[in-house]
Structures are given as C-alpha cells and as structure tokens.
2 protein chains.
Amino acid sequence: KNRVLVTGGAGFVGSHLCDFLVNRGDYVICMDNFFTGDKSNVAHHIGKPNFELIRHDVVQPIFLEVDQIYHLACPASPIHYKFNPVKTVKTSVMGTMNMLGMAKRVKARFLLTSTSEVYGDPKQHPQTEEYWGNVNPIGERSCYDEGKRIAETLSFDYYREHSVEIRVARIFNTYGPRMALDDGRVVSNFVSQALRGDPLTVYGDGSQTRSFQYVSDLVNGLVTLMEGEHTGPFNIGNPGEFNMLELAKLVQEKVNPEAPIVYRENTADDPGKRKPDITKAKTLLGWEPKVLLKDGLMMMVDDFRKRVLGDA
Amino acid sequence: KNRVLVTGGAGFVGSHLCDFLVNRGDYVICMDNFFTGDKSNVAHHIGKPNFELIRHDVVQPIFLEVDQIYHLACPASPIHYKFNPVKTVKTSVMGTMNMLGMAKRVKARFLLTSTSEVYGDPKQHPQTEEYWGNVNPIGERSCYDEGKRIAETLSFDYYREHSVEIRVARIFNTYGPRMALDDGRVVSNFVSQALRGDPLTVYGDGSQTRSFQYVSDLVNGLVTLMEGEHTGPFNIGNPGEFNMLELAKLVQEKVNPEAPIVYRENTADDPGKRKPDITKAKTLLGWEPKVLLKDGLMMMVDDFRKRVLGDA
Ligand SMILES: NC(=O)c1ccc[n+]([C@@H]2O[C@H](COP(=O)([O-])OP(=O)(O)OC[C@H]3O[C@@H](n4cnc5c(N)ncnc54)[C@H](O)[C@@H]3O)[C@@H](O)[C@H]2O)c1
Ligand SMILES: NC(=O)c1ccc[n+]([C@@H]2O[C@H](COP(=O)([O-])OP(=O)(O)OC[C@H]3O[C@@H](n4cnc5c(N)ncnc54)[C@H](O)[C@@H]3O)[C@@H](O)[C@H]2O)c1
Ligand SMILES: O=c1ccn([C@@H]2O[C@H](COP(=O)(O)OP(=O)(O)O)[C@@H](O)[C@H]2O)c(=O)[nH]1
Ligand SMILES: O=c1ccn([C@@H]2O[C@H](COP(=O)(O)OP(=O)(O)O)[C@@H](O)[C@H]2O)c(=O)[nH]1
Ligand SMILES: O=c1ccn([C@@H]2O[C@H](COP(=O)(O)OP(=O)(O)O)[C@@H](O)[C@H]2O)c(=O)[nH]1
Ligand SMILES: O=c1ccn([C@@H]2O[C@H](COP(=O)(O)OP(=O)(O)O)[C@@H](O)[C@H]2O)c(=O)[nH]1
C-alpha cells in the first residue's frame, strides 16, 4: 500500500489532493499546523482506515515512514504570507529541508509545490521553465518568492548531493471550492463579493493578467508528476489568460450582474502579467488542464454560496 | 567601548576587518568554524585585551552581548560553496537568522555581507542596486546565490518586522593578502600559478569580465556603511572592469612573464560580465575605492610569495 504524506493537507489544494489519494486507496497522512488551512476541509475523511490527521508545524523535525511526500505546507496568499514574513521564510526553508531530510532517510519520493512566483514580474511571456525570473529580493513579497526559490534550490541540491527522488511543480494561480474566504486572492474575493452583492475590487487599472487553473486539473498534474520519471521543474497551470477586469466582468455575468466594479490601489511589486508555457508538461508528462474558467467558476460558486451566505 | 562581533572573522575579508577594528580600539569577538578560514589569519591578535576568538558554527544559536555584528560567515568561493551545497544554504539562512535574532535581542546593528552574485548573470550593465538580477534558482551556484538573496530578504524582513538596524553590502570580487590558496578564485589562482611558474588557467575564452577590488577598500566600505545611516543595499566594489585574459596578462607582466597562458573549459552558469555602479555608495556614504588593480596585485604578491613558496 502506498503511504503518502501530504504536508499542508488541510489547506485548499492539499485537501483536494487528499480526496484524490484517499479515494484511490492510498494510505494518507495529512499534516498541517492549521495556520491557513482548516480541519473542516478534511473532516469527511476522519475515521477512515486509510486516513490520518497530524497537527504539526513542518518547521520542526518529524520522523515518519512513508513512500511519497507531497510537500505543500506554506502560506500561499499574499495577506497570509506577509502576516509574518520571517515565519514564511522559515516554513519554506526549514520545512522543505525537514521533508527532504525525511525523503532521504526513508527513500521516499518528494514533490515540492513551487510557484509561478519564482518568475516574479516576468520579462518573458509566456513563461517557460528555463526562464530564471525577475524577482525583487528585498521587497514585501520576497519572503514567499525567494522562499520558494531557495526551496527549489534545496530540492535540487538534495537530488544532486543525496540522490533524493525529487519532483518540482511550479503552480500557477489556482481556484476552486474550499479556498479560504479571507485569503484576499482575486477569484475568492470576486466570487464572495458578487455573492454578497458587494462591489468587486479591481486593483490598479485591472489590465494585469493571470491564468487561472481549476483545482482538479492541478491535482491531476501533481499526481501525474509524482508518478512519472521526470524531476521537473514543470509549469502546472492553465494557459488561458485573462486580465482582472475581464475576470471581474465574467464573475458579474456568471454570479451577480448587480454587483458593481470598483477600483483600488494595487499592491507593491504586483506582476504585470503571467501565463504558463506548458509545452514541457504536455510533452513529457502527457498532462494538460481541461476545465474552462467559466465552468470552474460555477463549480466553485456552489461551495462559496454555502460558506459566504452561511457566514452572513 | 564598541563591542563588535565579526562572524567568519578568521577568513580572508574577516581577518582584515578584525585588523582594522582591533587597531582602532574596538572590543572584537571573532567567531569562526574554520571551514575555509584559518586561525593563522588572526594569530597576531590572540592575547590582545580587546580580541577574542570563538570556535562556533553560526548555524547553531549563540548568545552574546554586542553592539555591532558584521556577519561574514559563509563559504565564498565556488569550490568551497559547492563542496556541500546544503550546508551552504544552512549557513546562509540559519546563520543569518541567528545573527538577526541576536541583533534583535540585544539591539545591535547588523551588517550582512551579501554579494554581486545576487545579480547572477546580469542583463543590466553596470549593475545598480535597483536591478533584480538574473539568477538560476536550480543550478550548481544556486546554493550560494539564492542563499545570499534570501539572507537579504531575511534582513529586510527583520528590519520591517522587528526594526532591527540592518546594513546590506553587495560585495564585488575582492582580492588581497590571506586569500585561501586553494579557493580557486581567479586572482589567487593566477598569482599562485605565476609564482610557481605554472600555466595561468583561463576558463572559457577569457572574454568574461569582472571588477576587482582590493581588500582595504572593502574594509573601508564596510565600516563606513556600518557607521552610516543608510540600510542599503549598497554595491561595494571597484568599477575598473577587466576580462580574464587581460587579468592573466597583467599577472604575467607583474609577477612572472615566463608563466604561459592555457585555456580550460568554463564552469556552469558563469556570469559573462560584472561591474558595479557605485553611484549610490559614493553619493550616500561618500565612499569609493582607491587602490588600482596593478598596485593591489603587488601588495598581494608579497604575502602569496611567502605562502606559495613556503608550501613548495
Ligand atoms: N493556490 C494557488 O494558486 C497556488 C499557486 C502556486 C503555488 N501554490 C502552492 O501550493 C501549496 C498549497 O497552497 P494552497 O493554495 O492550498 O494554500 P493554503 O494556505 O490553503 O494551504 C497551505 C496549507 O499549509 C498549512 N501550513 C502553512 N504553514 C505550515 C507549517 N509551518 N506547518 C504545517 N502546515 C503549514 C496551512 O495551514 C494550510 O493548510 C503552497 O505550497 C503554495 O505555495 C498554490
Ligand atoms: N571575497 C570576495 O570576493 C567576496 C565577494 C562577495 C561577497 N563576499 C562575502 O564576504 C564574506 C567573507 O568572504 P571571504 O572572501 O572572506 O571568504 P572566506 O571563505 O575567506 O571567509 C569566510 C569565513 O566564514 C567562515 N565560515 C564559513 N561557514 C561558517 C559557519 N557555518 N560558521 C562559522 N563560520 C563559518 C569560514 O571558516 C571563513 O573564515 C562572505 O560572506 C562572502 O560571501 C566575498
Ligand atoms: O525523517 C526525518 C529526517 C530528517 N528530518 C530533519 O530534516 C533535516 C535535514 O536532514 P538531513 O539528514 O538532510 O540533514 P542533517 O540532519 O544532517 O542536518 C534535519 O533537521 C532533520 O532533523 C526530519 O524532520 N525527519
Ligand atoms: O480583490 C482583488 C485581489 C487581487 N487582485 C489582483 O489580482 C491579481 C492576482 O492576485 P492574487 O493575490 O489572487 O494572486 P497573485 O498575485 O499571487 O498571482 C493581482 O494582480 C492582484 O492585484 C484584484 O484585482 N482584486
Ligand atoms: O542572541 C541570540 C538570539 C537569537 N538567536 C537565534 O536566532 C534565531 C531567530 O531568533 P528570533 O528571536 O528572531 O526568532 P525565534 O526565536 O522567535 O524563532 C533563533 O533560532 C534563536 O535561537 C541566537 O542565536 N542568539
Ligand atoms: O583559474 C581560474 C579561475 C577562475 N576563472 C574565471 O574567473 C572569473 C572569476 O571567477 P571567481 O571564481 O574568481 O569569482 P566569481 O565567479 O565568483 O566572480 C570566472 O569567469 C571564472 O570562470 C579563470 O578564468 N581561471
């Protein structure tokens, strides 16, 4: 039986990954410190014979016997990772080192969920995996961006130095059910705002672009990568590119045409555009995303309706 | 009395900094694990009332009461930092965090010796402090380059989050007496080779450029930065730019015209050119380097002659 550790497993992406792995019969250990994740995201697995939940901070060493490690633990949205930047760096660096140390000790395969933020405010468009990025090392986003860059560095050093079987995914903006309501990311903001009838807050002039991937496509990509023979890094994202004003209009159309659009000042070092080149994942992994933004949004709205309007 | 901690104080730059500080009457604590440094570099201070040597690895916490911390501890030459890349990352990240933790606790001022390598293989020439760099996050040099980038990130996060008085210097290639003979850096290689009558090993076609600063100019810059009111980052280097073939020819001319030049394959991700724009340091700190390469080389040769020929 495949024993799988999912760090950050009670978070948005982690809980969907746990769903997939538990359902196919793996033995899943979900580890989380519940900083941004929530027990309710995996509550439906508690009590199952092939599921286990551990409250643990990945910055501290922990010794487990597993075959695969999906290492997701890390605050992922700007308001969360800026809350305590030093802690964010510790989570990225020491957390990743601990999980690589474990992978080395028990000869487990290790997958890092890195991010498109390693490309920073990119000067290459769309971004390929060869691009070295344009990241501010000393800005307010640096704890996250540089934290992930050095987590990649560590992964490749453990690969070269200790032959740990690593897999590195560079995840592009992902959305779906169970996103934290308070995480300030654009899709969750717009959908909550639209459901409440509040104005949709477009930062800057709304011309900055992102490419949004539905969470089931991501889970698929992560599992395919873990099971395949290539270390990566691989871009895992949906190449459909939208600017924030287009997104706001789509959310109006799909969720609530009455919710107005308002403009707010943008945050520092916000990347102007972002879109993955996924040729490498298509070619080497045979993976590509399937869910269109307009369809994914509708699947997310059901979940958000319950939580947002339940909240009110 | 000014109590100063110099981490990496038994290394090349650190020992010259200790000389300066001890001589002006500060109380100097030199901390080193002697990975690349050597006790002999500070032997002349042992026994002085205002000097203390501590054998300690900066990756481990340590509690001292000081007013200023010059944080230099980190292997600096490619062959040393590639020897154990994971340890290099630990030194950069955990070492810097420990020293920032100390600075926070005792309200000391903290100076990080960062590096021009944060600019990677630069697409801007010469490099200003605003440039975000072009660094490979997953290559063989990444443990050093990304390690220093995240050390800068941490410094600025402690500054913003905990009001630690930080100073960040981005040091460009520096040479002088007491460089490790086996460190593989170009100036020490060429000078040792010339003294031995061995061929000078030019990597690649020798057209890549660097800007070489004599160590006394650097010590001056670091002290000026520490004592001033600006956090930086500041480029501290000599803008005089030479390619490696020019450097080899200059060393032939100054040290041994009989030593031939040979070409060797270059290493991965070697930056094509590098030259500091030092306008910011000139303007805000009133600092600039004074020693010309040809003069600095001669001051270095005396020391190398003793050590290289003593070795033989
Ligand atoms: N969602 C995206 O758009 C996106 C994009 C790029 C990368 N990623 C990466 O995917 C991973 C998951 O992101 P997410 O969107 O699910 O975010 P999330 O915040 O919902 O999940 C992160 C989980 O990690 C946990 N965690 C945080 N610090 C921890 C620590 N020190 N110890 C143990 N657990 C800790 C949190 O409690 C949470 O459950 C992250 O590594 C993130 O960087 C996500
Ligand atoms: N010399 C240059 O051209 C140059 C250029 C850019 C930046 N720098 C930076 O300046 C600093 C000093 O460089 P250097 O040229 O004197 O190199 P060096 O190798 O001579 O000195 C580094 C010192 O740090 C010590 N050290 C290493 N790891 C340690 C650890 N874990 N705990 C305690 N001590 C440790 C070494 O023993 C050595 O004495 C480094 O931080 C380096 O990155 C130097
Ligand atoms: O099952 C394990 C094995 C290691 N580690 C931690 O992972 C880190 C890196 O381990 P490694 O063996 O690579 O390095 P070292 O212990 O030599 O520093 C260390 O802090 C270990 O405590 C862990 O948490 N669980
Ligand atoms: O309410 C919001 C939240 C975010 N954004 C913008 O949406 C984009 C994506 O932001 P998010 O935080 O979701 O992801 P990231 O910046 O990490 O890609 C950025 O340009 C934000 O400025 C926005 O216009 N309104
Ligand atoms: O004089 C000191 C104070 C702190 N630290 C270490 O520096 C790190 C960061 O300290 P900080 O207080 O910022 O963080 P925390 O202890 O809350 O993690 C910790 O690992 C401490 O052990 C140290 O080595 N010497
Ligand atoms: O024997 C040597 C050692 C280095 N180099 C080259 O000199 C430059 C400076 O190398 P060094 O290691 O001194 O410093 P860094 O690369 O860190 O600037 C690089 O282009 C090296 O390829 C060389 O030509 N011969």
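## A helix on the inside

Is helix α5 of chain A, residues 186-196, largely enclosed by the rest of the structure or mostly open to the outside? In this predicted model, nine of the eleven residues of that helix are buried, so α5 is largely enclosed by the rest of the structure.

You can follow the buried stretch along the helix in the viewer. The buried residues are A:Val187, A:Ser188, A:Asn189, A:Phe190, A:Val191, A:Ser192, A:Gln193, A:Ala194 and A:Leu195. A helix has a repeating pattern: with 3.6 residues a turn, residues three or four places apart point the same way. After α5(A) comes A:Gly197, and the phi angle of this glycine is positive, near 80 degrees.

## Chain A as a whole

Now let us step back and look at the whole chain. Chain A is built with nine helices and 13 strands. Its radius of gyration is 19 Å, close to the 20 Å that the globule rule gives for 312 residues, so chain A is as compact as a globular protein of that length. Along the principal axes, the C-alpha atoms of chain A fill a box of roughly 55 × 45 × 40 Å.

How much of chain A counts as buried? The share is 61% of its 312 residues. The contacts tell us about the fold too: among those in chain A between residues at least 6 apart in sequence, 80% join residues at least 24 apart.

The outside can be described as well. Chain A has an accessible surface of about 11900 Å², and carbon and sulfur atoms account for 50% of that surface. As for charge, chain A carries 37 positive and 39 negative side chains, and the centres of these two sets lie 3 Å apart.

## Cysteines without a bond

How many disulfides does a search of the whole structure find? The count is zero over all chains. A:Cys143 shows why: the closest cysteine sulfur, in A:Cys74, is 8.5 Å from the sulfur of A:Cys143, too far for a bond. For comparison, the two sulfur atoms of a disulfide must lie within 2.5 Å.

Chain B can be checked in the same spot. B:Cys143 is in no disulfide, and the nearest cysteine sulfur, that of B:Cys74, is 8.5 Å away. Both residues are hidden from the surface: A:Cys143 is buried with a relative accessible area of 0%, and B:Cys143 is buried with a relative accessible area of 0%.

## Two loop residues and their contacts

Where is A:Asn41 found? Look in the loop of chain A between β2 (27-32) and β3 (51-55). Although A:Asn41 sits in a loop, this residue is buried, with a relative accessible area of 10%. Leaving aside neighbours within four places in sequence, A:Asn41 is in contact with A:Ala10, A:Gly11, A:Ser15 and A:Arg178. One of these partners, A:Gly11, is 30 residues away along the chain, and the C-alpha atoms of A:Gly11 and A:Asn41 are separated by 7.0 Å.

For a loop residue in chain B, find B:His125 between β5 and α4 (142-162). B:His125 is partly exposed, with a relative accessible area of 31%. Not counting residues up to four places away in sequence, B:His125 touches B:Glu241, B:Lys273, B:Arg274 and B:Lys275. Here the chain brings distant positions together: B:His125 and B:Lys273 are 148 residues apart along the chain, and their C-alpha atoms are separated by 8.0 Å.

## Backbone details to look for

Which residues are joined by a cis peptide bond in chain A? They are A:Gly232 and A:Pro233, with omega at about 5 degrees. A:Pro233 lies in the loop between α6 (215-227) and β11 (234-236) of chain A. In chain B, the peptide bond from B:Gly232 to B:Pro233 is cis, with omega near 5 degrees, and B:Pro233 is in the loop between α6 (215-227) and β11 (234-236) of that chain.

Two residues that are not glycines are also worth finding. A:Ser163 has a positive phi of about 55 degrees; this serine is in the loop between α4 (142-162) and β6 (166-171) of chain A and is exposed, with a relative accessible area of 60%. B:Lys107 has a positive phi near 55 degrees. This lysine is in the loop between α3 (85-106) and β5 (109-115) of chain B, where B:Lys107 is exposed, with a relative accessible area of 75%.

Definitions and conventions. Residues are numbered from 1 along each chain as its sequence is written. Chains are lettered from A and ligands numbered from 1 in the order in which they are written. This is a predicted model: local features need pLDDT of at least 70, side-chain atom pairs count only at pLDDT 80 or more; totals for chains, interfaces and linings use all residues. Side-chain values use heavy atoms; hydrogens and water are left out. Buried means under 20% relative accessible area, exposed over 50%, partly exposed in between (1.4 Å probe, protein chains only). Helices (H or I, at least four residues) and strands (E, at least two) are DSSP runs, numbered from the N terminus. The radius of gyration is taken over C-alpha atoms; the globule rule is 2.2 Å times the number of residues to the power 0.38. Contact means heavy atoms within 4.5 Å. Accessible areas come from the Shrake-Rupley method with a 1.4 Å probe; for residues, only the protein chains shown count as cover. Lys and Arg count as positive and Asp and Glu as negative; His and the chain ends are not counted. The place of a charge is taken as NZ of Lys, CZ of Arg, CG of Asp or CD of Glu.
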